Every structure is written in structure tokens, then in C-alpha cells.
Amino acid sequence: MKLASAVFAVLGLPGAFASPPRSRDLDASYTFDRYVADFSKPYRPGTDEWTKRERIFDRNLRAVLEHNAAYYGDDAVGRRPSHVLGLNALTDSEPTEYPTGYDKAGSSLRRQRRGGGGGGGPP
């Protein structure tokens with residue numbers, strides 16, 4: 001038992017890893033500074049990248065809060081959304097920056113470079 005306590009103390013567990021608030025607890029007091037810490041973002045205050053990402057984050061946070069207000073609000077009965085929104089590592093990204101999924105063309109090129117065929121089988 002002492003060993004487990006020592007390991008948790010050295011690792012700083014539990015509680016060392018910040019996490020964003022759950023959707024029900026999320027409100028306008030959640031800041032970009034906290035988001036950067038919660039998601040271990042590499043941005044530095046005062047840089048152009050920080051300013052850009054903060055602007056995108058603020059816009060996306062407002063959209064999340066508006067949507068969730070409709071879900072959790074008492075006046076939304078009958079037109080309540082079927083889901084809630086939360087924050088993730090993409091909250092400070094534009095939709096054009098989102099990953100688009102598996103790149104089949106790229107995997108085909110890798111097979112050709114390795115001497116394999118460009119056919120439809122797995123790499």
C-alpha cells in the first residue's frame with residue numbers, strides 16, 4: 001500500500017492531469033488559458049498563433065454553450081437537441097484543419113514505394 005502511495009505521489013496522481021469540465025459544468029468562465037493547460041497545447045501567450053487559436057476557441061466555445069443551453073434548458077422541451085457538445089483537442093481548430101480520415105491514396109503510394117502493387121489489398 002505504501003508503494004502504491006509513493007508511486008502516485010511521484011507521478012502526481014490523481015489530480016495532476018487537468019481535465020476540461022463535463023458538458024453540464026461547462027460555462028463561459030472556462031478560459032483559453034485553461035484549455036491550453038487541459039489539452040497540453042504548445043502555444044505561448046503573446047504569439048500570433050496564440051491569438052489565432054484563442055479567437056477560434058472563443059467562437060467554438062460560444063457555439064457549444066448555446067447548443068448545450070438548448071439541451072439543458074427548461075424552455076427547450078419539445079425542441080431539445082438529442083445530444084450535448086463538449087470540448088476536445090480540436091476546439092481551437094477550424095473545420096478545414098480537422099483530420100479527414102484514412103488516406104487511401106497515401107497508403108497506395110507507400111505500397112508502390114516498397115515494391116508492392118497498387119491493388120486493393122491491405123498494406
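**Exercise 1. Decide whether Y35 and F39 are buried or partly exposed in this predicted model, and describe how their rings pair.**

Step 1. Y35 has a relative accessible area of 0%, and because buried means under 20%, Y35 counts as buried.

Step 2. F39 has a relative accessible area of 22%, which lies between the limits of 20% and 50%, so F39 is partly exposed.

Step 3. The search of the whole structure finds eight aromatic pairs, and one of the aromatic pairs is formed by F32 and W50, whose centres are 4.8 Å apart with 80° between the planes, an edge-to-face arrangement. This pair links distant parts of the chain, since F32 belongs to helix α2 and W50 to helix α3, 18 residues apart, and both F32 and W50 are buried.

Step 4. Y35 and F39 also form an aromatic pair, with 4.9 Å from centre to centre and 40° between the planes, and this arrangement is tilted.

Step 5. Ring pairs join Y35 and F39 into a cluster that also includes Y30, F32, Y43, W50 and F57.

**Exercise 2. Work out where L87 is found and which residues L87 touches.**

Step 1. L87 is found in the loop between α3 and α4, the latter covering residues 104-113.

Step 2. The relative accessibility of L87 is 13%, and because the cut-off for buried is under 20%, L87 counts as buried.

Step 3. Although L87 and F39 are 48 residues apart in sequence, their C-alpha atoms are 9.7 Å apart in space.

Step 4. Leaving aside residues up to four places away in sequence, L87 touches L26, Y30, F39, F57 and L61.

**Exercise 3. Describe helix α3, and then find what surrounds R53 in this helix.**

Step 1. Helix α3 runs over residues 48-72, which makes 25 residues, and reaches 36 Å from its first C-alpha to its last, close to the 36 Å expected.

Step 2. The buried residues of α3 are W50, R53, I56, F57, N60, L61, V64, H67 and N68, and what covers them includes α2, residues 32-38.

Step 3. R53, found in helix α3, has a relative accessible area of 8% and is therefore buried.

Step 4. The side chains of R53 and E49 are joined by a polar contact of 2.8 Å, while a polar atom of the R53 side chain lies 2.9 Å from the backbone oxygen of D92.

Step 5. Not counting residues up to four places away in sequence, R53 touches F32, Y43, D92, S93, E94 and E97.

Terms used:
Residues numbered from 1 in each chain as written. Predicted model: local features only at pLDDT ≥ 70, side-chain atom pairs only at ≥ 80, totals over all residues. Heavy atoms only, no water. Helix = DSSP H or I, 4+ residues; strand = E, 2+ residues; numbered from the N terminus. Expected span 1.5 Å × (residues − 1). Buried < 20%, exposed > 50% of the residue type's maximum accessible area, 1.4 Å probe, protein only. Contact = heavy atoms within 4.5 Å. Phe/Tyr/Trp six-rings, centres within 6.5 Å; stacked < 30°, edge-to-face > 60°. Polar contact = N/O pair within 3.5 Å; in protein donor to acceptor, adjacent residues only side chain to side chain.
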